[in-house]
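Trainee: I have a model open and a pile of labels to make sense of. Could you take me through them and show how each one is earned?

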Amino acid sequence: MAIEAQSVTKRFGDFTAVDGVSISVPTGSLTALLGPSGSGKSTLLRVISGLEQPDLGRVVIEGSDVTGLPPQRRGIGFVFQHYAAFKHMSVHKNVAFGLEIRRRPRSEIEARVEELLELVQLSGLAKRYPAQLSGGQRQRMALARALAVEPTVLLLDEPFGALDARVRKELRAWLRRLHDEVHVTTMFVTHDQEEAMEIADQIVLMNQGRVEQTGSARDLYERPANKFVMSFIGPVSHFGEELVRPHDIDVRREPNGSAERATVERVVHLGFEVRADLALDDGREVWVQMTRDEAADLDLQQGSKVFIAKQ
Amino acid sequence: MTRLRRYLLRVVGLSYLGVLLVAPVGLVFYRAFENGFGQAWDAVTTPAAKHALLVTIIIAAIAVPANTIFGIVCAIAIVRHRFPGKNLVNVIVDLPLALSPVIVGLAFLLLFGTGGWLDGLPFDVVFALPGMVLATMFVSLPFVVREVVPVLREIGTEQEQAAATLGAGGWQTFRRVTFPAIRWAVAYGVVLTTARALGEFGAISVVSGRLIGKTESLTLHVEERYQSFDYAGAYAASVLLAMLAIATLVAMTVSRPKDEVR
């Protein structure tokens, strides 16, 4: 395991941000720390990095206990949400920072910086200052800076949180490709379940300072450990007392066994996907999801009568 | 209407500056050079005037660097660290701005003078250069702290944390990340400290004993010349003092890159 947090607890005054959390991150993996705001995910990441000291518990990186070590000596790379670019240094200087601190020979620094800027597609911008870069470029620079010192683990705190939606999508696909090239054990914090599901090998879902479930995106979606995981990780529809995935509700035109009768109140066409709001005869409301073809086959219109059952 | 108002505002603003700043300073310059440059030059090259200039420069050369280093350390402590009594420190730093310099001078007399708590040091403090340096340090203490504190707050801690994750120790982080970010605030603080140190009169006039050719600074020299009805000498020395202060201002403005915003 590249990173292990063992029963980590971190309090700020009366508030327990992380409550006895244990996680393991396999070497070479890309792991997402997912959760709503205030779930303790960023704090856990900062405890792993050494920027925060845990009140209880241990942090082990590549087999050695680093709990008492400062961030300088943990062999980590850290990327901040708001880039933390060194504003008075050029892009080149920013990326070279860690290498200069380590007193590497000039020729080696030059070669490494050039290679990294190529990797993050900023080759032509080495002489620019952070203020002259876009948000996405700044974050790529911050990533190159963190990778320059060849960290054992790369930690990213909401790396795309400050970017607009389009750049965010581009960058996360790019991060996945980069990870496949560089293979450094990577852990990133996000509150966006789509982001986590799209690029992570493993997702650690946190809520109120605890881990709710750990697993692949598919595990969490198909075998959620509890209601929180189910509703956080994908769409849910309330059907009776149960939470159901809205595409797991069987909709037919004819009565079928225990299927309940409902009236279509609204149909929304979202391209491939079609959503429909239904009202059961007893007044309860259910929403369902289906493909465009399924909706066409059912000839779903406002006012249509249908029969629904859980698949 | 709006145009009229704009002109009116300008006239009010400029006349305010004119009456309060430009006219008095300009008059001193005019009076100093009224009877030719030669006379002014002679007035500031008398042994007493030259010594007074030397005393002022020695005082500034010790007080300014000392308060710069203290100011940076103190600002970092106030903004970045938690310690008991922090609020008290924050208030005490402003004390020299609130206290009249004469009181400061008197306090130093009581502390270091005959029968004072710290009387009997191996060297003279009161009526000597050390006392004048201490008094100047006291009155010019807050400027660097007050300039640096808001800038440190504004830049936040993220860049410093990033430096730490990249392997930089405390001193390296300060030298490569924190200091470059606060350098213009420090520079501005240094200019204000220098101006205050050069212009200090009240505290120094009490602790120095005003021994001509010994503990007379340039400000004391100006007054002493004036009291002796040597107006030419007083004006010439004033001009010298003003030019020293203006030179520090100009030095900072010139050395500052144009595109950089403080």
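Mentor: Sure. We'll need one definition to begin: helices (H or I, at least four residues) and strands (E, at least two) are DSSP runs, numbered from the N terminus. And keep in mind that this is a predicted model.

Trainee: Okay, so where does Asp299(A) sit in those terms?

Mentor: Asp299(A) is in the loop between helix H9 (292-298) and strand E17 (305-310) of chain A. Its backbone has a positive phi of about 50°, although Asp299(A) is not a glycine.

Trainee: What makes Asp299(A) count as exposed?

Mentor: Count the neighbours: a residue is exposed if 12 or fewer other C-beta atoms lie within 10 Å of its own. Asp299(A) has 8 other C-beta atoms within 10 Å, so Asp299(A) is exposed.

Trainee: And how do you know whether Ser7(A) is buried or exposed?

Mentor: Use that cut-off again. Ser7(A) has 12 C-beta neighbours inside 10 Å, and the rule says 12 or fewer, so Ser7(A) counts as exposed. Ser7(A) belongs to strand E1 (residues 3-12) of chain A. Ser7(A) has a positive phi too, of about 45°, and is not a glycine.

Trainee: How much of chain A counts as buried?

Mentor: Of its 311 residues, 41% do. To be buried, a residue needs 20 or more other C-beta atoms within 10 Å. Chain A has 9 helices and 17 strands, and its C-alpha atoms fill a box of roughly 80 × 45 × 30 Å along the principal axes.

Trainee: On to the helices. Why are H2(A) and H4(A) called roughly parallel?

Mentor: Helix H2 (residues 91-101) and helix H4 (residues 135-148) of chain A pack at an angle of about 25°, with their axes 7 Å apart. Angles under 35 degrees count as roughly parallel, so H2(A) and H4(A) get that label. H2(A) passes H4(A) in a right-handed crossing.

Trainee: Which residues meet there, in H2(A) and H4(A)?

Mentor: On the H2(A) side they include Val91(A), Phe97(A) and Leu99(A), and on the H4(A) side Met141(A) and Ala144(A) are among them. By class, this contact of H2(A) with H4(A) has 7 nonpolar, 2 polar and 1 charged residues.

Trainee: What makes H8(B) and H10(B) roughly antiparallel, then?

Mentor: The axes of helix H8 (residues 142-155) of chain B and H10(B) come within 7 Å and cross at roughly 165°. The antiparallel label starts over 145 degrees, so H8(B) is roughly antiparallel to H10(B). The crossing of H8(B) past H10(B) is right-handed.

Trainee: Which residues make up that meeting of H8(B) and H10(B)?

Mentor: Among them are Phe143(B), Val148(B) and Ile155(B) in H8(B), which meet residues of H10(B) including Ala181(B), Tyr188(B) and Arg196(B). The residues of this contact divide into 13 nonpolar, 2 polar and 2 charged.

Trainee: Now the strands. How do you know that E14(A) and E15(A) pair?

Mentor: Pairing takes at least two bridges found by DSSP. Strand E14 (residues 260-270) and strand E15 (residues 273-280) of chain A are joined by 8 bridges and run antiparallel, so by that rule they pair. Thr263(A), for one, stands opposite Ala279(A) in E15(A). The hairpin they form has 2 residues between the strands, and Gly271(A) takes a positive phi near 85° there.

Trainee: How many bridges join E15(A) to strand E16?

Mentor: There are 7, and E15(A) runs antiparallel to strand E16 (residues 285-291) of chain A. Asp277(A) has Trp287(A) in E16(A) as its bridge partner. This hairpin has 4 residues between its strands, with Gly283(A) in the turn at a positive phi of about 100°.

Trainee: What makes E6 and E10 edge strands in the chain A sheet?

Mentor: The order in that open sheet of 6 strands is E6-E7-E8-E3-E9-E10, with mixed pairing. Strand E6 (76-79) and strand E10 (210-215) of chain A each pair on one side only. The twist averages 15° from one strand to the next. E6(A) pairs with strand E7 (residues 153-157) of chain A in the parallel sense over 4 bridges, and Phe78(A) stands opposite Leu155(A) in E7(A).

Terms used: Residues are numbered from 1 along each chain as its sequence is written. Chains are lettered from A and ligands numbered from 1 in the order in which they are written. This is a predicted model: local features need pLDDT of at least 70, side-chain atom pairs count only at pLDDT 80 or more; totals for chains, interfaces and linings use all residues. Axes are lines fitted to C-alpha atoms, for helices over the stretch in contact, and angles run from 0 to 180 degrees between N-to-C directions. Angles under 35 degrees count as roughly parallel, over 145 as roughly antiparallel, 65 to 115 as roughly perpendicular and the rest as oblique. A crossing is left-handed if the near helix is turned anticlockwise from the far one by less than a right angle, and right-handed if clockwise. Two residues are in contact if their C-beta atoms, placed from the backbone, lie within 7 Å. Ala, Val, Leu, Ile, Met, Phe, Trp, Tyr, Cys and Pro count as nonpolar, Asp, Glu, Lys and Arg as charged, and the others, Gly among them, as polar.
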